[in-house]
Amino acid sequence: MRHKKRKRRSSRVLFVLISLFVISLFMLKGPLMKSVEARQYIDPNEIKLSKVLPNFEAIRVWGANVIELKEIPLASRLLGRNYGVYVNNHLTKEFSNYNKALEFALGHEDSSIKKKTDNVVLWNNYRRYVLMEGNFYINSFEEVSSTIEYGKEHRMSYIIDQEENKLVWSNFDRQIEFTDETSQGDLFLINPQYPVSSEFIPNNMVNLANHINSYIRVSRNDMEIDEVAFNSITSMLKDAYYDGADQMVVISTYRSYQRQTTLFNNRVNFLLASMGADEARREAATSVAIPGSSEHQIGLGVDFSTLRSMGVSQDFGDTVEGKWLNNNSWKYGFVIRYTEEKMDITGIIDEPWHLRYVGVPHAELMNKLNLCLEEYLEYIKNNLEEEFVDHNEDSYKMYYFDSIYSDELLEFLYNNDNIARISGDGMGGIIITTNY
Ligand SMILES: [Zn+2]
């Protein structure tokens, strides 16, 4: 009798405890939601909120944009194993962690992952092109074009071709379609040894001439520039202007292969008056890039001058504007690409007017280490994973992979959600910059 009573009492205690637990879960939900909303505005650069707020599957934040926030349904949080892996349409194994499920599914042909709460297929390996966002599967398609269409809506996404097992596209700071040459992205090297084809035209350019104001001055109506470089150059010109370097003029940005050919031939013809043909070509190449090797053809090279003396001149380096660029352009992702000191490596004379966009934090690190782009790309290969803390106290690491087919690259992509940028190096390699 007494025994029975105790049993009843303990089950009642258990019932109360469970009720309290469930009630407290519901009560927790309100304040957590609020804190997420607040954080979206307070600190948009904070990436890993999912760790702070365990009932949210992912929050992917970049720049000022909140990309996506998925709350894990209460039911699935309580049930735990929410992801079912199906092999040949049979439920084979269940997981509480999506990435564990993905890892298992990737090892099985004809597998798919279903969310058990609503039976939605989250991933399958039947279709060739897989779109990932951070380390989360988004969708897969048979055609690369439809995958890209879908990927455009997802910043920080990339596409893996499962048939050829390679990286084909990414959408971090810009949309990039990768080729084997990897001549894409902020960091890619272009020089006479690694030229681009005559057909190379950069995607997504902006005409600087459509944005002129007191500090954005251009010498022509046609001033196309890479869209990412455009965002940086506008803030750079503004800061220069208010810092007293107020006579700056942009005199050259994107240049087609044909235009570069004309400029090069004009230079050769001029020199032919005083030297032989071979010598004239060699000499011309030190000041006018050989067609296919100009940074102007890739939309990342910019020439500057001043209102006082329009045109390119070595004297530019001694002007207020030239000095300002020399001291400050790295903060905006630009480097002075050709200096006298590096002529042995670049083959190009001192050009204080020619800046190349390489992005943040690379420009700062190149400036700090006094490396030209050729040297810097070598440096990254030899100093993998070395942490770099920039002047804003943001921490970065750079990773090098030797091709878009690299298994290590694909594994790295699947396992990282703090990738900030993917760029080719123009020599077949890929450089990933992480920010944390
Ligand atoms: Zn130039």
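Helices (H or I, at least four residues) and strands (E, at least two) are DSSP runs, numbered from the N terminus. The model is predicted, and while local features need pLDDT of at least 70 and side-chain atom pairs count only at pLDDT 80 or more, totals for chains, interfaces and linings use all residues. Residues are numbered from 1 along each chain as its sequence is written, and side-chain values use heavy atoms, with hydrogens and water left out.

Q: In which strand is Arg 356 found, and is Arg 356 buried or exposed?
A: Arg 356 belongs to strand E17. A residue is called buried under 20% relative accessible area, exposed over 50% and partly exposed in between, using a 1.4 Å probe and protein chains only. Because the relative accessibility of Arg 356 is 0%, this residue of the strand counts as buried. The strand is therefore E17, and the state of Arg 356, at 0%, is buried.

Q: What distance separates the C-alpha atoms of Arg 356 and Leu 187?
A: Along the chain, Arg 356 and Leu 187 are 169 residues apart. In the predicted fold, the separation of their C-alpha atoms is 9.6 Å.

Q: Which residues coordinate the zinc ion?
A: Donors are N, O and S atoms within 2.8 Å of the metal (3.2 Å for Na, K and Ca), and as water is not among the atoms, sites may look incomplete. Here the donor atoms stand at 2.1 to 2.8 Å from the zinc ion, with NE2 and ND1 as the histidine atoms and OD atoms coming from the aspartate. In sequence, the donor residues follow the spacing H-x6-D-x50-H. The residues that coordinate the zinc ion are His 296, Asp 303 and His 354.

Q: How many residues apart in sequence are the parts that the pair His 296 and His 354 ties together?
A: Both of these histidines are buried. His 296 lies in the loop between helix H8 (277–285) and strand E15 (301–306), whereas His 354 lies in strand E17 (residues 354–357), so the pair connects parts whose separation in sequence is 58 residues.

Q: Which residues of strand E21 point the same way as Ile 430?
A: In a regular strand the side chains alternate between the two faces of the sheet. Strand E21 (residues 430–435) is mostly covered, with six of its six residues buried. Ile 431, Thr 433 and Asn 435 point one way from E21, and the other way, together with Ile 430, point Ile 432 and Thr 434.

Q: Which residues stand opposite Ile 431 in the strands paired with E21?
A: Two strands pair if DSSP finds at least two bridges between them. Strand E19 (residues 395–401) runs antiparallel to E21 and is joined to it by six bridges, while strand E20 (residues 419–424) is also antiparallel to E21 and is joined to it by five. Opposite Ile 431, E19 and E20 place Tyr 400 and Ser 423.

Q: Which residue in the turn between E20 and E21 has a positive phi?
A: E20 and E21 form a hairpin, and five residues lie between the two strands. The residue in this turn with a positive phi, of about 80°, is Gly 426.

Q: Which residue of E5 is the bridge partner of Val 85?
A: Strand E5 (residues 111–115) is mostly covered, since all five of its five residues are buried. Strand E3 (residues 83–87) runs antiparallel to E5, and five bridges join the two. Ser 111, Ile 113 and Lys 115 point one way from E5, while Ser 112 and Lys 114 point the other way. The partner of Val 85 in E5 is Ile 113.

Q: Which residue of E6 is the bridge partner of Lys 114?
A: E5 and E6 form a hairpin with four residues between them, and in the turn Asn 119 has a positive phi of about 60°. Four bridges join E5 to strand E6 (residues 120–124), and these two strands run antiparallel. In E6, Lys 114 is matched by Val 121.

Q: Which residues is Ser 197 in contact with, leaving aside its neighbours within four places in sequence?
A: Ser 197 sits in the loop between strand E11 (175–177) and strand E12 (205–207), and its relative accessible area of 40% makes it partly exposed. Its C-alpha atom is 5.9 Å from that of Gly 292, although the two residues are 95 apart along the chain. With contact meaning heavy atoms within 4.5 Å, the partners of Ser 197 beyond those neighbours are Tyr 257 and Gln 297.

Q: What percentage of the residues of the chain count as buried?
A: The chain contains 13 helices and 21 strands. Of its 436 residues, the share that counts as buried is 48%.
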